[in-house]
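Hi,

Here is the structure I promised to pass on. Have a look at it first, then read my notes below.

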Amino acid sequence: MPQLRQDLITGRWVAVATERARRPDSFTQAARETVAARDVCPFCPGHEEMTPPEVLAYRTTGTPANAPGWSIRVVPNLYAAFKLSPEGQERRDGGFWQRDAIGTCEVLISSPDHRAPTPLLPRSQVEEIVQSYVDRYRVHQRNPVLEYVLILYNHGRPAGASLEHPHSQLYAISLVPPNFHEELAGATRFQAEHGACVFCRTIEEETRAGVRIIMENEGFVVFAPFAARTPFETWIVPKRHAASFGDLDEQADKGAFAEVLQATLQGLYRGLNDPPFNYFIHSAPLKGDYAHEYHWHLEIIPKLSIAAGFELGTGMWINVVKPEDSAAFLRERIETLAREGSAA
Ligand SMILES: [Zn+2]
Ligand SMILES: [Zn+2]
Ligand SMILES: [Zn+2]
C-alpha cells in the first residue's frame with residue numbers, strides 16, 4: 001500500500017510511491033534512457049493487454065473491449081501512487097504521522113495515434129478528450145472516500161511525460177492537495193471579505209485591462225494571469241460561475257471549452273515550436289460546499305525555464321517574460337492560425 005507521510009514541521013503531506021519500485025541507482029541518466037528505449041508502447045492499439053483492463057473507451061460499434069477500435073481509452077495506472085482500499089489507516093511512526101495513500105490513478109489515452117501531438121489533434125478528438133475527463137470526473141465524484149479529483153496532462157519529457165504516446169492522467173485522492181489549498185483559502189477569504197467570487201472578479205479585471213487576454217468565445221476566457229509565475233502561464237476560465245468541473249455539461253458548453261483548449265495549445269505549439277508544458281484542471285473539493293467561492297479553471301504552465309534553487313528555497317517564482325508580452329504573442333499567433341485555417 002502506498003503511503004502518505006506528514007512533515008512534522010510544515011504539516012505537508014508527501015506521497016511515497018514505493019510500488020513504482022525504483023531503485024536509487026535507476027535515477028542515473030543512462031539507466032533512464034535504456035528503459036525508455038527498450039519499452040514497447042503499452043498505449044498503442046494492439047497492445048491493450050499490456051495495460052490493466054479499460055474502465056472507459058469510446059470505440060467503433062461492435063469492437064470488443066480491450067481490443068483495437070477505440071478513439072479514447074481509459075485504464076488504471078499500473079504505477080499508481082494511490083490505491084483504493086476500504087481500510088485506509090492512519091498511524092504513528094515514532095513522532096511522525098503516516099497514512100495509507102487512498103485514491104486511484106488513471107491514464108486517459110488521448111488518441112490511438114502514437115505520434116499525434118495533442119495540440120494538433122482535430123477538434124472532434126479534443127471534444128472526446130474533454131468528454132472523457134467529464135465522464136471519469138463524475139464517476140469518482142460519487143465515491144465517498146475521495147476528497148479531490150485532479151486531471152492533468154504532461155506534454156514532452158521535460159514536463160514529466162514518461163511515455164511519448166499522448167495521454168492525460170487523473171488522480172482521485174483522499175486529501176485536498178496543498179497547492180490547491182492555498183487557492184481555496186484565498187477564494188474563501190475573498191468571499192468572506194467581499195461577498196463575491198475572486199475568479200469572477202479576476203475575469204472582470206482582466207477583461208477591463210484587456211492586455212493579458214489571449215482569446216475568448218461565448219463560454220470561456222483565456223488569459224495570462226497578472227502575476228503569472230512562468231513565461232506563457234495561461235489560464236482558461238469559464239465565464240459563467242461554476243465551482244465543479246463535473247458540471248461542465250450543464251454550466252458551460254463542452255464544445256466551447258474544446259475550442260479554446262485546442263486553439264491555445266496550437267498557439268503554444270506553433271508559436272514556441274512544441275514547448276514542453278503541463279496543464280491541470282482545478283475544481284472544487286468533493287466534500288464541503290464551495291459553490292459560491294470556488295470557480296473551476298484550467299492552468300497551462302509551459303516548461304520554458306527550470307525551477308531552480310530560488311524557487312525551491314522560497315516558493316516564489318521569478319518570471320522573465322511580462323505576461324502582457326506573452327499574451328500579445330500568443331493572441332497574434334492564434335489569430336494568424338485561425339485566419340490560415342479559415343482560408344484553407
Ligand atoms: Zn503508442
Ligand atoms: Zn466565479
Ligand atoms: Zn488553480
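Asparagine 66 sits in the loop that links strand 3 (56-59) with strand 4 (70-76). Keep in mind that this is a predicted model. What caught my eye is the phi of asparagine 66, near 55 degrees, which is a positive value in a residue other than glycine. Most residues that aren't glycine have a negative phi. Is asparagine 66 buried or exposed? Partly exposed, in fact, because it has 15 C-beta neighbours inside 10 Å, and the label "buried" needs 20 or more.

Phenylalanine 232 also has a positive phi, about 70 degrees, and is not a glycine either. You'll find phenylalanine 232 in the loop between strand 11 (220-223) and strand 12 (234-238). Phenylalanine 232 counts as buried, because 26 other C-beta atoms lie within 10 Å and the cut-off is 20 or more.

Now for a sheet. Four strands form an open sheet in the order 2-1-6-5, and their pairing is antiparallel. Which strands are at the edges? Those are strand 2 (13-16) and strand 5 (90-93), each of which pairs on one side only. From one strand to the next, the twist averages 30 degrees.

If you want to zoom in on one pair, try strand 5 and strand 6 (residues 96-100): they run antiparallel and are joined by four bridges. Look for aspartate 93, whose bridge partner in strand 6 is phenylalanine 96.

Happy browsing!

Note on methods: Residues are numbered from 1 along each chain as its sequence is written. Chains are lettered from A and ligands numbered from 1 in the order in which they are written. This is a predicted model: local features need pLDDT of at least 70, side-chain atom pairs count only at pLDDT 80 or more; totals for chains, interfaces and linings use all residues. Helices (H or I, at least four residues) and strands (E, at least two) are DSSP runs, numbered from the N terminus. A residue is buried if 20 or more other C-beta atoms lie within 10 Å of its own, exposed if 12 or fewer, and partly exposed in between; C-beta atoms are placed from the backbone. Two strands pair if DSSP finds at least two bridges between them. Axes are lines fitted to C-alpha atoms, for helices over the stretch in contact, and angles run from 0 to 180 degrees between N-to-C directions.
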